[in-house]
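Please look over the sequence and the structure shown here before reading on. The paragraphs below then lead through the structure step by step.

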Amino acid sequence: MKSVKFSRSVSACELNCKTAEGCLNMCGMCPSCVFAPTPSGSTHCLWKVSDGFKRRFVVELLLRCRNVQVLEGIQSVLGATPWTLFTYARSRGPTSDYPCRTTDRVVDGRPLGVDVNEIWDWFGNSADWVKSRYLCRVFTLCDSELLRMVSNLTSVLLVRQKRGFLQSNLSSSHTSTDEDSDDPALMVVPGSSKSVSGVSRYRDLIGCLPVHLSKRILGLLEEHTLRRCQKVCRYWQRLAKETMEEIKFRKHFQDQIKAMMKRCRGINVVSPTYSNMVEVLVPTKEDEEADVHSNALKVKPFQAAYAKIKTKTVQMEERNVYCGAYFTKVVLNKEDPNRVVDYRGRSFMATASKDRVLHLFYVASETRVVSVMKGHVGSIRAVLLCEDRDLVITASCDASIRCWNLKTDRCEMVLYGHTGTVNCLDVHADRLVSGAKDCIVKVWNLHTGKQFEDFNFKHPSSIQCVKISATKVYSSCDRGLVKIWSMEKASLLRVIDAHRSSVKCLFFDEWHLLSGDFNGQVMAWSTHCCAKECLMTFSHPREVKSLTLVYLRVVTGCADGKIRIFNFLTGDCLRDLTAEAETGRILSLLFHDNSILVNTTSCVKLYQFAKVFWDYTESAEGGRGDVLAQDGLISEKSAASVRKPPSPSVGADHRVQVALPSDSKKPERAELLYHTRILFTPTKCQTQVRERCQTAKQSVVLSEKATSERMKRRGLHHPLTRDSILLRVNAIQKAQCMDEVGINMECNARLRDSWGPHTPQTLETSLQAQ
């Protein structure tokens, strides 16, 4: 059956016709069917967005609207149309009067015998008012979803038409009805991220929501997506930037919580007042007998390292030093990456650098320069302050060692003998030891200024650190070797080759030797030559600059900017302090009693720790408990006497010599020296002092044993809680004073007694009187 031919234009009379007499197929798409007042059977079936043919038919009609006024009229009509209610009302209308006659004559949504090309040609050549009327009648056949799509496409076409983006030849590119072709309607459906015009009329959901909800939504995106969101607008840029900062903060906070939980997993908080007397295994000397250890006893520290050596147990005191409160003081605020410092905990500090000048600072109250000493021709690499000898010893790149007098600022002695840069110094009694780049360790006599020719101590590489005692010399080099030399026999006693990098720092006491290398390994050794095994290893992420061992606590300064306190017996890190935020800026650290002097490239800082009254307990292993025994409280002075003999003090059978000012040219510095330096010299009463020390030591040990026995019988002391204290105070207050009810009752009783009836005796007396 042939389709009905219709003219290129439609008159007003044709639009007012009552029936669609021109369309025999009742297609519902031609002008005759659309403008008929009585709809055909096929027009009663709604055009749905899922019908590809009718969707493309409507799209092609819209694409042929080139007039801005027509598009604006369509947009205004669709913007005010309640699509859902309109479709619902139309679907509730009668359907039996107009049966669908073309349901059996439809192929893929296209009615048979309908030439859509002729309809599009007619529509394109019609007047604007005809296009508007025709489209409005077609829209009445569409469902709500198709109307939404048409409204979106109309907005896009209107923007493109205003900007001149619409192509002139649309019929040639969109005449194909192939379903696989690009459909512009599919590119502008609601929810699509891109549109043909690049402009979206949808409202900004993120901008309409509250700020916390907007950040919550943006927080679900990844970082690269948030960076793209910053380019949308200024509001999005601010929201995305704040969201990224909050995500980084939460991540950093969670990492800190995880690290803290990892450190504190299975342990308690470190007690800053913990102290205890413990038994430590040490090798025996040749003339001593070894202790017999029972297998039933607990395995002591270092027992595996001393498995093949005769050992004995020695009581040592352990304290959680540098674990309490502290305050920081900037002693010297000056940028210097080559600064070397020495400080002995008194009132003076000596510094030197690449400028070949030695400065002496007074740091007791305020930092001020006391004297400046010049004489080296090369940069100074080491400084050694000996206030008890009125000397400052410096070592330089000019291969010389100079001894300066603190009173006169003059160089009293110059020591020549090295052929390379002198890197390190150490002094004991009247002997000075030095190490240089010429791979030689030399020992000097400070009285004569001459070196000991018999002490021929050599290394295969540059010397990095030297230490000296009464009988031994300890030295380390760039090859990672640590050598122990005998002062009595002038011979090599032991070589330690466990390090794989340059050993930068050493420390020793009566029983132990510690060495720290460039790779961050700190190894503990026994000073006994027969003990070859490493006792303990303490790992660091960067180079170890300085270290010390005090009260069984290993305190180290690392190049990563942190000060760490380790338990020498277990290897656990009890605390770490951040001394420098940036890595690689720490130059050296000096430890003295309750203070740590930190030398960095930017300044010199003093960490002063509060004085602690140490609590001695037996329950808190390693100082990680909170139970403190008050009955076991021992003064710091008496407890220190257990570990080492007490230092000489004023009035303790010692003569006190005060260094009087001798240089009239420098009265200010002489006055400082007079007020701050006190020299102690032994007397003939040393035997009596030793006896008194032994007696004090025995008394302290006996008092500790008695205290521990009393604690075992009575049990641990538990301090009163806050609730128990409040209950006791409340009970005492109630016992001492009355409440409001009691006070009112007492007042009422007094009023009743004053205004109440008279007693019988009073009544009889009054009657007799009458």
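What follows moves from the whole chain to a helix, a surface patch, an annotated stretch and the salt bridges.

The model is predicted, and its overall make-up is a good place to begin. The protein holds 18 helices and 35 strands, and of its 770 residues 43% count as buried. When contacts between residues at least 6 apart in sequence are considered, 55% of them join residues at least 24 apart. The accessible surface of the protein amounts to about 43900 Å², and carbon and sulfur atoms account for 52% of that surface.

Helix α3, which runs over residues 52-63, is a useful element to examine in detail. Its 12 residues should span 16 Å at 1.5 Å a residue, and because the end C-alpha atoms of the helix are indeed 16 Å apart, the expected and the modelled values agree. Since 12 of the 12 residues of α3 are buried, the helix is largely enclosed by the rest of the structure. The buried residues of α3 include Phe53, Phe57, Val58 and Leu61, but also Lys54, Arg55, Arg56 and Glu60.

Helix α12, covering residues 234-264, contains Phe249. This phenylalanine, Phe249, has a relative accessibility of 56% and therefore counts as exposed, the cut-off being over 50%. Together with Phe253, Ile257 and Met260, Phe249 makes a nonpolar surface patch of about 390 Å².

Helix α12 also carries a charged pair, Arg238 and Glu242, which lie 4 residues apart, about one turn of the helix. Their side chains meet in a salt bridge, with a distance of 3.8 Å from N to O. Arg238 counts as partly exposed because its relative accessibility is 42%, and Glu242, with a relative accessible area of 23%, is likewise partly exposed.

A stretch with an annotation comes next. According to the UniProt record, an unreviewed entry, the annotation "repeat: WD" covers residues 373-414 and 415-454. In the model, the chain over residues 415-454 is 0% helix and 52% strand, and the C-alpha atoms at the ends of this stretch are 17 Å apart.

The remaining paragraphs turn to further charged pairs. Side chains of opposite charge can pair when their charged atoms come close. In this protein the count comes to 16 salt bridges. One of the pairs is formed by Arg564 and Asp560, whose side chains meet at 2.8 Å from N to O. Arg564 has a relative accessibility of 11% and so counts as buried, and Asp560 is buried as well, with a relative accessible area of 14%.

Which residue forms a salt bridge with Arg585? The partner is Glu335, and the closest N and O atoms of the two residues are 3.7 Å apart. This pair links distant parts of the chain, 250 residues apart: Arg585 sits in the loop between β29 (573-578) and β30 (586-592), whereas Glu335 sits in the loop between β5 (326-332) and β6 (340-343). Glu335 counts as exposed because its relative accessibility is 51%. Glu335 and Arg585 also belong to a network of salt bridges that links them with Glu580, Glu582 and Lys605.

Methods. Residues are numbered from 1 along each chain as its sequence is written. This is a predicted model: local features need pLDDT of at least 70, side-chain atom pairs count only at pLDDT 80 or more; totals for chains, interfaces and linings use all residues. Side-chain values use heavy atoms; hydrogens and water are left out. Helices (H or I, at least four residues) and strands (E, at least two) are DSSP runs, numbered from the N terminus. Buried means under 20% relative accessible area, exposed over 50%, partly exposed in between (1.4 Å probe, protein chains only). Contact means heavy atoms within 4.5 Å. Accessible areas come from the Shrake-Rupley method with a 1.4 Å probe; for residues, only the protein chains shown count as cover. Patches are made of residues with over 30% relative accessible area and no salt bridge: like charges are joined within 9 Å, nonpolar side chains (Val, Leu, Ile, Met, Phe, Trp, Tyr) within 5 Å. A salt bridge is a side-chain nitrogen of Lys or Arg within 4 Å of a carboxyl oxygen of Asp or Glu. UniProt positions are given in the numbering used here, feature names are shortened, and annotations may be inferred rather than shown by experiment. The expected span of a helix is 1.5 Å times one less than its number of residues.
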